[in-house]
Amino acid sequence: MNIFDQQKEKERKINQALSKVKHSIAIASGKGGVGKSTIATNLAISLAQKGYKVALADVDIYGPSVPTLFNIENDEVRGEKKGEDYFIHPIERYGIKLMSIGFFVDRDKALLWRGPMASNTLIQIISQTIWGDLDYIIYDLPPGTGDLQLTLAKEFHLSCVIFVSTPQILSVSDVRRAVNMFRHPDINIPILGLVENMSYFSPYDMPEKKYYLFGKGGGDILSKELDLEILERIPISENISPANDNGNPISLDISTLESRGFLSLADKVVDKLDKITKENL
Ligand SMILES: Nc1ncnc2c1ncn2[C@@H]1O[C@H](COP(=O)(O)OP(=O)(O)O)[C@@H](O)[C@H]1O
Ligand SMILES: [Mg+2]
């Protein structure tokens with residue numbers, strides 16, 4: 001097969017795997033450790049709680065989180081051969097279909113991969129997964145703007161991107177670079193807006209008080225400079241990390257204060273994506 005046929009074959013397989021997916025959302029950031037995986041996971045759970053069919057694809061090759069966040073052992077993954085092709089069953093938890101690069105490679109090895117190898121592996125995993133009918137697929141992207149993000153943006157037919165940042169942004173330029181990549185005319189993927197994570201802290205016994213531990217207004221600066229709507233401000237919560245580490249993300253318990261923020265984010269995402277879809281019809 002020559003290189004053009006190979007590319008066509010690759011596209012055919014991706015299109016086939018994602019043919020019944022209505023909306024695809026990438027969760028991106030300029031930097032790591034800002035809460036991308038936390039937002040991606042809790043957004044997925046909130047959308048599923050609203051009755052949508054949801055999948056979460058963890059393509060953060062340098063720091064996959066889904067195995068920990070959903071307490072999944074790698075040996076749970078099942079494959080299936082059909083003719084010449086090999087397919088993978090996503091793992092289901094809480095009604096969400098999950099796939100992670102972390103099911104297949106350990107982190108230390110992935111760190112040594114060169115760009116094209118990482119991109120090809122991701123494309124292979126996504127296009128071999130049996131996704132079926134989905135309202136939303138959420139991609140938890142690696143931070144920044146490398147080859148990988150570019151490939152994903154181009155190949156995965158993203159409906160939109162959501163940016164995550166924290167108030168203590170040290171440089172707007174990291175986020176700007178990432179935003180500009182998605183807005184580049186050759187890529188041109190709508191950016192739904194920004195989630196300001198770790199926005200403030202409210203003590204449980206004084207929920208009306210807000211302490212801006214990392215300074216106030218970081219999200220507003222980004223919002224203004226880069227023309228991004230702030231979709232939600234998620235507070236710092238002492239319950240989020242333990243919930244993440246125990247494989248029970250906070251939104252599973254809808255009585256928590258934290259889950260309300262994610263449900264409200266889910267409502268905005270549904271509304272805004274509906275509008276974008278209608279505009280493009
Ligand atoms: N709003 C929050 N409050 C408290 N801890 C948080 C919050 N958001 C994320 N964290 C914690 O911060 C760390 C980084 O979050 P993570 O979602 O893994 O970021 P990323 O995917 O961007 O690297 C994790 O330990 C996570 O549990
Ligand atoms: Mg992550």
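How many residues surround ligand 1, and which are the closest? The shell holds 16 residues, and the closest are Gly-33, Lys-36, Thr-38, Ser-241 and Asn-244. A residue is near a molecule if one of its heavy atoms lies within 4 Å of it.

This is a predicted model, in which local features need pLDDT of at least 70 and side-chain atom pairs count only at pLDDT 80 or more, while totals for chains, interfaces and linings use all residues. Residues are numbered from 1 along each chain as its sequence is written, chains are lettered from A and ligands numbered from 1 in the order in which they are written, and side-chain values use heavy atoms, with hydrogens and water left out.

## The ligand site

By class, the shell around ligand 1 is made of 6 nonpolar, 9 polar and 1 charged residues. In this count Ala, Val, Leu, Ile, Met, Phe, Trp, Tyr, Cys and Pro are nonpolar, Asp, Glu, Lys and Arg are charged, and the others, Gly among them, are polar. At least two shell residues come from each of α2 (36–49), β9 (191–201), β10 (230–236) and α9 (240–245). Helices (H or I, at least four residues) and strands (E, at least two) are DSSP runs, numbered from the N terminus.

Oxygen atoms of ligand 1 also make polar contacts, listed in the table. A polar contact is a pair of N or O atoms within 3.5 Å; within protein, one must be able to donate a hydrogen and the other to accept it, and residues adjacent in sequence count only if both atoms are side-chain atoms.

| Residue | Partner atom in the residue | Distance to an oxygen atom of ligand 1 |
|---|---|---|
| Gly-35 | polar backbone atom | 2.9 Å |
| Lys-36 | polar backbone atom | 2.8 Å |
| Asn-244 | N or O atom in the side chain | 2.8 Å |

On its own, ligand 1 has 560 Å² of accessible area, and the protein covers 78% of this. Accessible areas come from the Shrake-Rupley method with a 1.4 Å probe; for residues, only the protein chains shown count as cover.

## Salt bridges

Side chains of opposite charge can pair when their charged atoms come close. A salt bridge is a side-chain nitrogen of Lys or Arg within 4 Å of a carboxyl oxygen of Asp or Glu. The structure holds 14 salt bridges.

In one of them, Glu-155 pairs with Lys-10, and the closest N and O atoms are 3.9 Å apart. This pair links distant parts of the chain, as Glu-155 is in helix α6 (residues 147–155) and Lys-10 in helix α1 (residues 3–17), 145 residues apart. Glu-155 counts as buried because its relative accessible area is 13%, and Lys-10 is partly exposed at 24%. Here buried means under 20% relative accessible area, exposed over 50%, and partly exposed in between (1.4 Å probe, protein chains only).

Lys-50 and Asp-267 form another salt bridge, with 2.8 Å between the closest N and O atoms. Lys-50 sits in the loop between α2 and β2 (54–58) and Asp-267 in helix α10, so that pair too links distant parts of the chain, 217 residues apart. Lys-50 is partly exposed at 33% relative accessibility, and Asp-267 is partly exposed at 39%.

What separates Arg-177 and Asp-174 along helix α7 (residues 172–183)? They are 3 residues apart, about one turn of the helix. Their salt bridge has its closest N and O atoms 3.7 Å apart. Arg-177 is partly exposed, with a relative accessible area of 48%, whereas Asp-174 is buried at 17%. Elsewhere, a network of salt bridges links Glu-9, Arg-12, Lys-13 and Asp-85.

## Other residues

Asp-135 is in strand β7 (residues 134–140) and is buried, with a relative accessible area of 11%. A polar atom of the Asp-135 side chain lies 2.7 Å from the backbone nitrogen of Lys-53.

Ala-26 belongs to strand β1 (residues 21–28) and is buried at 0% relative accessibility. Ala-26 and Val-77 are 51 residues apart along the chain, and their C-alpha atoms are separated by 23 Å.

Arg-260, in helix α10 (residues 257–279), counts as exposed because its relative accessibility is 52%. From Arg-260 to Ser-46 there are 214 residues in sequence, but 9.1 Å in space, C-alpha to C-alpha.
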